[in-house]
Amino acid sequence: FASYILISVLLNRDSSLLMIAGVALSALLVGILIELIQPYFQRQQSLVDVAYDFLGCTAAALWFVADKQCASVGRRSWLKSAAMALVFLSIIHPLHNAYIYSKFQDAFPVLASFEHGWEANFVLANQGARLERFAAPSAWENQSIVGAISFTKGRSYPGIKISHLPPVWSDYSVLAFELYSEYTSSVPLVL
């Protein structure tokens, strides 16, 4: 949207397609620059954000051409449809993430039951570990889906990570895990 405003302010109805592309490319380069400096402000760089910038700048250029330069109604409709499709593409991933995050919030205080596929977005295996979901062995009392963690010997700090944990836990006094190990000796765990 910022790209469309920039194009509308800097260009007019008679601007060439090359000028429109140049302004859209300039807006994209600003987006890339923002991604490059984000680590200096305790944020992560994201190629996904650059892709969103590209989709937005392209959609803005298409909409401007359709709105200001297209005499043909059919071509104008096609260009505006393409621009709207690009905007739609750019919001699918954030909407999906919002849906998954709402599922995580609804399940709280359960952090990982391994019953739902969306949990794979929050329960992640670190280097040297592999996390799999499968049906519990038939001898187990609780017949459900379980998570199995396999560790690779010789790797530093293998394990799992649960992302997006709530910062406030004052309403809870217990953190409980149900674990099963095939080892006959004790295995130390670090939280």
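# A short tour of a predicted model

Let's start with one residue: alanine 83 counts as buried, at 3% relative accessibility. The cut-off for buried is under 20%, so alanine 83 falls within that class. Before I go on, please keep in mind that this is a predicted model.

Where does alanine 83 sit? Its place is in helix H4. If we leave aside the neighbours within four places in sequence, alanine 83 is in contact with Ala59, Leu62 and Trp63. You can also use alanine 83 as a starting point for looking along the chain: asparagine 97 is 14 residues away in sequence, and the two C-alpha atoms are separated by 23 Å.

Now let's look at H4 itself. It covers residues 73-107, which makes 35 residues. At 1.5 Å a residue, H4 should span 51 Å, and its end C-alpha atoms are 50 Å apart, so the two values agree. Still, H4 has a bend of about 30° at isoleucine 91. Proline 94 follows within four residues of that bend.

Which residues of H4 are buried? They are Leu79, Lys80, Ala83, Leu86, Ser90, Ile100 and Phe104. Here is a handy thing to remember while you look at them: an α-helix has 3.6 residues a turn, so residues three or four places apart point the same way. As for what covers the buried residues of H4, helix H3, residues 47-69, and strand E4, residues 160-162, are included.

A word on confidence. The mean pLDDT of the protein is 84, and 98% of its residues reach 70 or more. Which element has the highest mean pLDDT, and which the lowest? H4 has the highest, at 92, and helix H1, residues 2-10, has the lowest, at 71.

Next, please turn to the loop between H1 and H2, where we have two residues to visit. Aspartate 14 has its place in this loop, and so does serine 15. Are they buried or exposed? Aspartate 14 counts as exposed, at 70% relative accessibility, whereas serine 15 is buried, with a relative accessible area of 7%. Leaving aside neighbours within four places in sequence, serine 15 is in contact with Ile20 and Gln69. Glutamine 69 also comes up for aspartate 14: their C-alpha atoms are separated by 7.4 Å, although the two residues are 55 apart along the chain. Serine 15 and valine 65 make another such pair, 50 residues apart along the chain, with their C-alpha atoms separated by 9.4 Å.

Let's move on to some backbone details. Most residues other than glycine have a negative phi, and most peptide bonds are trans. With that in mind, here are a few places to look at.

One is glutamine 42, in the loop between helix H2, residues 17-37, and H3. Glutamine 42 is not a glycine, yet its phi is positive, at about 55°. Its relative accessible area is 74%, so glutamine 42 is exposed.

Another is phenylalanine 114, in the loop between H4 and E1. Phenylalanine 114 has a positive phi too, of about 65°, and is not a glycine either. This time the residue is buried, with a relative accessible area of 17%.

Proline 109 is also found in the loop between H4 and strand E1, residues 123-125. What is the peptide bond from phenylalanine 108 to proline 109? That bond is cis, with omega near 20°.

Finally, the pocket. How big is the largest pocket? Its volume is about 2300 Å³. There are 49 residues lining the largest pocket, and the closest to its centre are Ile149, Ile160, Phe177, Glu178 and Leu179. Which element gives the largest share of the lining? That is E3, with seven residues. Strand E3, residues 145-151, and E4 each supply at least two residues of this lining.

Isoleucine 149 has one more pairing to show you. The C-alpha atoms of isoleucine 149 and serine 181 are separated by 9.9 Å, with their positions 32 residues apart along the chain. Serine 181 is found in the segment after E4 and counts as partly exposed, at 38% relative accessibility.

To come back to where we began: alanine 83 is buried, its place is in H4, and H4 bends at isoleucine 91. Thanks for listening, everyone!

Terms used: Residues numbered from 1 in each chain as written. Predicted model: local features only at pLDDT ≥ 70, side-chain atom pairs only at ≥ 80, totals over all residues. Heavy atoms only, no water. Expected span 1.5 Å × (residues − 1). Bend = angle between axes of the 7 residues up to and from the residue. Buried < 20%, exposed > 50% of the residue type's maximum accessible area, 1.4 Å probe, protein only. Contact = heavy atoms within 4.5 Å. pLDDT = per-residue confidence, 0-100. 1 Å grid on protein atoms, 1.4 Å probe; cavity = no way out; pocket = protein on both sides within 12 Å on 5 of 7 lines; lining within 4 Å. Points joined across faces, edges and corners; volume = space filled by probe spheres on them.
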